[in-house]
Amino acid sequence: MHEVSRIIARRKLEDRVFNLVGIACTLVGITTLGALLFNLAYDGLARIDWDFLTSYPSRHASRAGILAAWVGSLAIMCVTAATAVPLGIAAGLYLEEYGKKNWITTIIEINISNLAGVPSIIYGLMALGLFVYMLGLGQSLLAGGLTLAVLVLPIVIVATREALRTIPVHIREAAYALGATKWQVIRHHLLPYSVGGIATGVIIALSRAIGETAPLITIGALMFIALLPGSPVTDSFPFVSFEWLDSRFTVLPIQMFNWTSRPTEDFHVNAAAAGLVLMAMTLGLNAVAIFVRYRARRKIKW
Amino acid sequence: MKTATNTRLIQARALSLGRPPLEGRPKPRPGESEPVGMTHAPANVPLVAPPYKAEVKSLNFFYGDFQALKNVNLLFAERQVTALIGPSGCGKSTLLRCFNRIHDLYPGTRYEGEIILHPSGANIVSKAIDPLEMRMRIGMVFQKPNPFPKSIFENIAYGLRLKGVRNRSELHGRVETALKSAAIFDEVKDRLHKSAYELSGGQQQRLCIARALATDPEILLFDEPTSALDPVATSHIEDLIRSLEEKVTIIIVTHNMSQAARVSAYTAFMYVGEIVEIGSTVHIFENPRNKLTEEYITGRFG
């Protein structure tokens, strides 16, 4: 009897020790993020005002703003989302639902997981050769958006497949048993039920893309630009214009990089402020992802 | 030891009497029907009385190299409940799933032989027959209640929509009829547009039965429909199955022998992919011809 209680006491001690180790590890991550945000805010928060958001960069730190950068980031995200989302979902659907298990699909699968791990600068080099020169897109918004789309495509594919896999076999069988074709099962069931997972993946992919710098510098994004891409809406027929796709561009992280490499302190403050805006955009996207996932989970529980 | 066995035998007999009146059913008379297609039963066993809804002839089924069904020959009486019983892995679910060709969803499955559907004479497992057509004509209820994460109404309407019913009033009428046939209409009539997931397990299973009934199937397949339900819900489902017998031919796979005794007119006992014995449920449970059947029914194995 005595023996047993000693064993139990020992196990309980182990339990408590691991509990503490776990808390410590979690705190490391959270404290780092907190310190980072605090530091950025401390340096840059005071610098963020309306003028900062609506001014072009300038030689004078106090007059410089991030208008071109955040508009560029936004425009790039539009191109990236418009290409990576349909391509990624379609590829994920194919691999999960249509593709027969054979050596070709196995190779494709392995390569997709590999692609997710390729350093982003490599994508930049590939895009420089393929989009900028071979396809003749130049150093444009379109080329930049496509570059990031290729970069995050594996994330979207993997998220789509994961989301499809969480749909239980018995739900698919229920639909098939009523006489649905594969496409009907996908359209009426699989896509609606996996939309939460897919949307989460898409947003995580975009929040990765929005912070990318290296591949865009590689394809020749500008460090300094004092004009906006053309408006997508025009006042004459056909009222839409895709000229903006052809514009030169810069994005927030590049603007930050530019400012941090200046010698004077006041530009560093600008960089911190731009960093805050970038963080706000990323965390905002993540918040949307969490919300979407929460909504989807609440509606569907297998 | 011996006493225990006897007790169990007595219990099994007692349970087999659970299905009340056999009056009013076309009782198979001993010696009258021909032993059509029977492989293992002696000639004088009471077999299945006509008219037949389906006729399984020399059916073999393979998962890859593994033969799961071996030369199965069986008759299914029209508008009667036929139970398939046998130990795990005996092939009863596999046989059931041949009827709506749901095996076709998975690679490496292969059928040999015939399942003739009367009166059309179509061979369900023939390559020339479109499995989609068979699934529209033969309904299935699964082991776990598997409603779609949609509204109660949409769950029932889905099969009708697949069959091309567009008219709103027709949809509403047929959904209501199906819900009434499945004895769940009163419980859900005020919340047809609420999620099916708000229902209890037993209600969900009756909803799934309604979903399968909505398209007026020729045969209704039940794959252990109560194995995930509590006793009260189980007895509701059993009552329902017996009441459906007037409308549709029913094949039910069950692990629960007393359930087979309660709901079925005919019972087929399967073992390692073969039909060991088929006959009226009363005969199978009270007077099995085959020693294996008797051992299984008295609980000595399985």
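Me: Two strands count as paired when DSSP finds at least two bridges between them. In which sense do β7(B) and β8(B) pair, and over how many bridges?

Reply: Note that this is a predicted model. Strands of a sheet pair through backbone hydrogen bonds, either parallel or antiparallel. Strand β7 (residues 219-223) and strand β8 (residues 249-253) of chain B pair in the parallel sense, with 5 bridges between them. As an example of the register, B:Thr249 in β8(B) is opposite B:Ile219.

Me: What is the strand order of the open sheet in chain B?

Reply: The order is β6-β7-β8-β3-β9-β10, which makes 6 strands with mixed pairing. At the edges stand β6 (138-141) and β10 (274-280); each has a single partner strand, so one side of each lacks a neighbour in the sheet. From one strand to the next the twist averages 20 degrees.

Me: Which helices pack on this sheet?

Reply: Helix α7 (residues 201-213) of chain B touches β6 and β7, and its direction makes about 170 degrees with that of β6(B). Helix α8 (residues 231-244) of chain B touches β3 (81-85), β7 and β8, at about 150 degrees to the direction of β8(B).

Me: Which strands does β4(B) pair with?

Reply: β4 (residues 109-117) runs antiparallel to β1 (residues 52-63) of chain B, and 8 bridges join the two. Within that pairing, B:Phe61 has B:Tyr111 as its bridge partner. β4(B) also pairs in the antiparallel sense with β5 (residues 122-123) over 2 bridges, where B:Leu117 is partnered by B:Ala122. β4(B) and β5(B) form a hairpin with 4 residues between them, and B:Gly121 in the turn has a positive phi of about 80 degrees.

Me: How do I check the length of a helix such as α1(A)?

Reply: An α-helix has 3.6 residues a turn, so residues three or four places apart point the same way. For the length, use 1.5 Å a residue: the 43 residues of α1(A) (residues 2-44) should span 63 Å, and the end C-alpha atoms are 63 Å apart, so the two agree. α1(A) is hardly covered, with a count of 1 buried residue among its 43.

Me: Is A:Asn286 in α11(A) buried or partly exposed?

Reply: A:Asn286, in helix α11 (residues 265-299), has 14 C-beta neighbours inside 10 Å and so counts as partly exposed. Its C-alpha is 7.2 Å from that of A:Ser207, although 79 residues separate them in sequence.

Me: How many residues of each chain are in contact with the other?

Reply: 17 residues of chain B contact 18 residues of chain A. On the chain B side, α3 (131-137) and α4 (152-162) each supply at least two residues. By class, that side has 12 nonpolar, 3 polar and 2 charged residues.

Key. Residues are numbered from 1 along each chain as its sequence is written. Chains are lettered from A and ligands numbered from 1 in the order in which they are written. This is a predicted model: local features need pLDDT of at least 70, side-chain atom pairs count only at pLDDT 80 or more; totals for chains, interfaces and linings use all residues. The expected span of a helix is 1.5 Å times one less than its number of residues. A residue is buried if 20 or more other C-beta atoms lie within 10 Å of its own, exposed if 12 or fewer, and partly exposed in between; C-beta atoms are placed from the backbone. Two residues are in contact if their C-beta atoms, placed from the backbone, lie within 7 Å. Ala, Val, Leu, Ile, Met, Phe, Trp, Tyr, Cys and Pro count as nonpolar, Asp, Glu, Lys and Arg as charged, and the others, Gly among them, as polar. Axes are lines fitted to C-alpha atoms, for helices over the stretch in contact, and angles run from 0 to 180 degrees between N-to-C directions.
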